Amino acid sequence: MPDNTDYLQGIIERLTFHSEETGYTVARLKVPKAQDLITVVGNFANIQAGQTLALEGTWRSRMDRCRSQS
């Protein structure tokens with residue numbers, strides 16, 4: 001089984017949503033060499049704009065979600 005883990009590093013441009021109670025966060029990440037901001041979703045206990053994050057996980061695009069619903 002191939003490893004589908006992706007690695008990404010960038011700076012938090014802004015927080016779209018953050019729950020103080022659960023840590024659930026939707027944030028926009030500025031990644032070098034990427035023209036657009038990347039949306040990241042996860043549980044982060046203490047996160048703020050301007051913070052550098054190194055992330056690993058699975059990449060999903062809007063097209064992936066559309067295909068899984070049809």
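Visitor: Which side chains of strand 3 point to one face and are buried?
Guide: A heads-up: this is a predicted model, where local features need pLDDT of at least 70 and side-chain atom pairs count only at pLDDT 80 or more, while totals for chains, interfaces and linings use all residues. Residues are numbered from 1 along each chain as its sequence is written, and side-chain values use heavy atoms, with hydrogens and water left out. In strand 3, Thr-39, Val-41 and Asn-43 point to the other face and are not buried (buried means under 20% relative accessible area, exposed over 50%, partly exposed in between, with a 1.4 Å probe and protein chains only). The side chains alternate, so the buried face has Ile-38, Val-40 and Gly-42.

Visitor: In what order do the elements run from the N terminus on?
Guide: The protein has one helix and four strands (DSSP runs numbered from the N terminus: H or I of at least four residues for helices, E of at least two for strands). Reading from the N terminus, they come as β-β-β-β-α.

Visitor: How much of the protein is made up of buried residues?
Guide: The protein has 70 residues to count over. Buried residues make up 21%.

Visitor: How many bridges join strand 2 to strand 3?
Guide: Start on the other side: strand 1 and strand 2 run antiparallel, joined by six bridges (strands pair if DSSP finds at least two bridges between them). Strand 2 and strand 3 run antiparallel too, and here Val-26 has Val-41 as its bridge partner, while Ala-27 has Val-40. The bridges joining strand 2 to strand 3 number six.

Visitor: And which residue of strand 2 is the bridge partner of Ile-11?
Guide: Strand 2 covers residues 24-30, so look there for a pairing, remembering that DSSP bridges are what define it. The partner of Ile-11 in strand 2 is Lys-30.

Visitor: Which residue takes a positive phi in the hairpin of strand 1 and strand 2?
Guide: Five residues sit between the two strands of that hairpin. The one with a positive phi, near 85°, is Gly-23.

Visitor: Is Thr-25 buried or exposed?
Guide: Thr-25 has its place in strand 2. Its relative accessible area is 0%, which means that Thr-25 counts as buried.

Visitor: Which side chain makes a polar contact with the side chain of Thr-25?
Guide: The Thr-25 side chain also reaches a backbone oxygen, that of Gly-23, at 2.8 Å. For a polar contact, N or O atoms pair within 3.5 Å, one able to donate a hydrogen and the other to accept it, and residues adjacent in sequence count only if both atoms are side-chain atoms. At 2.7 Å, the side-chain partner of Thr-25 is His-18.

Visitor: Leaving aside neighbours within four places in sequence, which residues is Arg-28 in contact with?
Guide: Arg-28 lies in strand 2, like Thr-25. With those neighbours set aside, Thr-25 is in contact with residues including Leu-15, Phe-17, Phe-44 and Ile-47 (contact means heavy atoms within 4.5 Å). For Arg-28 the list is Ile-11, Ile-12, Glu-13, Arg-14, Thr-16, Leu-37, Ile-38 and Thr-39.

Visitor: What distance separates the C-alpha atoms of Arg-28 and Ala-49?
Guide: Along the chain, Arg-28 and Ala-49 are 21 residues apart. In space, their C-alpha atoms are separated by 9.0 Å.

Visitor: What share of contacts between residues at least 6 apart in sequence join residues at least 24 apart?
Guide: This one covers contacts in the protein, counting pairs at least 6 apart in sequence. The share joining residues at least 24 apart is 39%.
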